[in-house]
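Student: I am new to this structure and would like a close look at a single part of it, taken slowly.

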Amino acid sequence: MRFDKLTLKAQEAVQAAQEMAAQRDHQKIEPLHFLAALLQQQEGIVPPLLARLGVPQQILSADLEKKLAQLPAVTGMAQQYLGPAANEVLKRSFDEAQQFRDEYVSTEHLLLAIAALPRDPAADLLRRNGAGRDAILQALASLRGTQRVTSPNPEATYRALEQYTRDLTD
């Protein structure tokens with residue numbers, strides 16, 4: 001796994017997930033931690049993407065908080081590790097980036113990878129709130145268009161495009 005191939009926001013999300021697990025004394029990092037970290041990124045693409053889908057983010061966040069509270073906590077000198085499902089999310093996110101022909105793995109790839117997990121609490125939360133993988137793909141296509149992730153900081157490009165250009169199709 002090459003973490004230098006993650007965008008800055010994706011790296012921040014992985015680090016925030018790890019910190020969140022540590023604060024809660026969770027030894028195993030799960031996709032729930034990744035999803036919570038993605039939802040907390042105010043400057044990221046995930047919150048606007050979910051808003052475009054009509055996902056009630058307060059309800060999703062509350063449900064997510066309940067699921068996180070149910071995870072086992074370990075006190076003492078326990079070493080953290082990526083759980084199998086979280087490892088699968090990272091692996092699938094690289095596959096998602098490759099399908100988009102992107103050079104870097106971004107937060108939307110992480111979200112798509114989470115949504116694609118079978119029988120996972122984070123994926124179930126997304127699906128129950130109207131953000132299944134197919135719905136995310138459609139919303140992403142309308143937000144992103146034909147742009148590719150070719151730099152480690154594509155969010156800055158999106159902000160610059162919004163700030164200095166006007167979408168004539170709107």
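Student: How many of the 10 residues of helix 2 are buried?

Tutor: This is a predicted model, in which local features need pLDDT of at least 70 and side-chain atom pairs count only at pLDDT 80 or more, while totals for chains, interfaces and linings use all residues. Residues are numbered from 1 along each chain as its sequence is written, and side-chain values use heavy atoms, with hydrogens and water left out.

Helix 2 (helices being DSSP runs of H or I, at least four residues, numbered from the N terminus) is mostly covered, with nine of its 10 residues buried. Buried means under 20% relative accessible area, with a 1.4 Å probe and protein chains only. The buried residues of helix 2 are Pro-31, Leu-32, His-33, Phe-34, Leu-35, Ala-36, Ala-37, Leu-38 and Leu-39.

The largest nonpolar core has 43 residues, and Phe-34 and Leu-35 are among those with the most contacts inside it; such a core is a set of buried Ala, Val, Leu, Ile, Met, Phe, Trp, Tyr and Cys residues joined through side-chain atoms within 4.5 Å. Helix 2 gives the most to this core, with seven residues.

Contacts (heavy atoms within 4.5 Å) show some of the partners of helix 2. Leaving aside neighbours within four places in sequence, Val-89 is in contact with Pro-31 and Phe-34, among others including Ile-114. Val-89 is found in helix 5, and it counts as buried because its relative accessibility is 0%. Leu-126, not counting residues up to four places away in sequence, touches Leu-35 as well as others including Leu-50 and Leu-111.

Technical notes. Buried means under 20% relative accessible area, exposed over 50%, partly exposed in between (1.4 Å probe, protein chains only). Helices (H or I, at least four residues) and strands (E, at least two) are DSSP runs, numbered from the N terminus.
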